[in-house]
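This briefing introduces a structure to a reader who has not met it before. Please look over the sequence and the model first.

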Amino acid sequence: MKIGIIGTGGVGGYFGGKLALAGHDVIFIARGAHLNAIQQNGLQIKSFQGEFTVKNAHATDNLEELKGADVILLTTKAWQIKDLAPQLKGIVDQNTILLPLQNGVLSSEELLEEMPDKHIMGGLCRIISMIESPGVISHIGVNPTITFGELNNTETSATVLLKQLFEEAGIEAYHAKDIQADRWKKFISICLSGLLALTRTNYGELRTLPETRELMIQLVTEVFQVAKGAHINLPSDFVEKTITVTDSLPFHSNSSMARDIWQGKPSELEYQNGTVVRLGKKYGVPTPVNAFVYNCLLPMELKARNK
């Protein structure tokens, strides 16, 4: 099967590597030193669950090479999807499946602005991974999983194909009965990234200090209330479940958005806490903690984008 990976970072590199190892024709879209290293030395995956290298990995910066792909995984940052969507119109054909795995709850909707919904799934993944050095992906936490589903929550030949594809590659995958709810469940937890960035803490420090733990709980509660305002079907105890999961994360782990902000890079701030603030206003839900986090980080975000 021909599979495209757009964004060979911690997410795309890991899952694309597993698919390539299973014998599929995987094309990795990358750039710069990372691209050069993959082309010269292959793609190396370091993982606490086992290391492997994709030798002779097919890596390029040319999207045109994805024409005719059966499946394309979109694993860029959330803010890159809007600009990427128009470029995909000339690449996908009537049978191509597009599966966005971005953080946030807007990626599928932004793709729909440019192409028919028959191409587009809703999706999310769970993994803590990053580019350790050019050509090397480091998976440091969480059992990697992919959750996906049609936007109308039906089972189709495409959902059957994806589940088989992932499972045969040794990837734990779930066909969601309600992909909107599942995307919001992850969204609620990842919005802690802004608080990590602002307090310059890891998950262990954030949850241990009573003052920041209280902020953590308030932030998650606000996002949950916004989800209710958007009529997302979430269990009533989901805030407590989210905090329990956060308490189980590796003490020294943090998030990709926090790392981006600390390093002065453009981040997913607008697609995380910024989205909470905007949707809170739309649905009449107060979001003071998320607004404080967003407002405090916004100057750094604008500076990173030279605005």
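Two strands are taken to pair if DSSP finds at least two bridges between them. On that basis, five strands of this predicted model form an open sheet, ordered β5-β2-β1-β6-β7, with parallel pairing. The edges are formed by β5 (58–60) and β7 (97–100), each of which pairs on one side only. From one strand to the next, the twist averages 20°.

**Strands β6 and β7**
- Strand β6 (residues 71–74) runs parallel to β7 and is joined to it by four bridges.
- The residue I72 has L98 in β7 as its bridge partner.

**Helices at the sheet**
- Helix α3 (residues 81–88) packs on the sheet and touches β1 (2–6), β6 and β7. The direction of α3 makes about 160° with that of β6.
- Helix α5 (residues 157–168) lies across β1, β6 and β7, and runs at about 65° to β7.

**Residue G12**
- G12 belongs to helix α1 (residues 10–21).
- With a relative accessible area of 2%, G12 is buried, because buried means under 20%.
- Leaving aside residues up to four places away in sequence, G12 touches I5, G7, G17, F28 and T75.
- G12 and K185 are separated by 173 residues in sequence and by 21 Å in space, C-alpha to C-alpha.

**Annotated C-terminal domain**
- An unreviewed UniProt entry annotates residues 178–298 as "domain: Ketopantoate reductase C-terminal".
- The span of residues 178–298 is 71% helix and 0% strand, and its end C-alpha atoms lie 33 Å apart.

Terms used. Residues are numbered from 1 along each chain as its sequence is written. This is a predicted model: local features need pLDDT of at least 70, side-chain atom pairs count only at pLDDT 80 or more; totals for chains, interfaces and linings use all residues. Side-chain values use heavy atoms; hydrogens and water are left out. UniProt positions are given in the numbering used here, feature names are shortened, and annotations may be inferred rather than shown by experiment. Helices (H or I, at least four residues) and strands (E, at least two) are DSSP runs, numbered from the N terminus. Buried means under 20% relative accessible area, exposed over 50%, partly exposed in between (1.4 Å probe, protein chains only). Contact means heavy atoms within 4.5 Å. Axes are lines fitted to C-alpha atoms, for helices over the stretch in contact, and angles run from 0 to 180 degrees between N-to-C directions.
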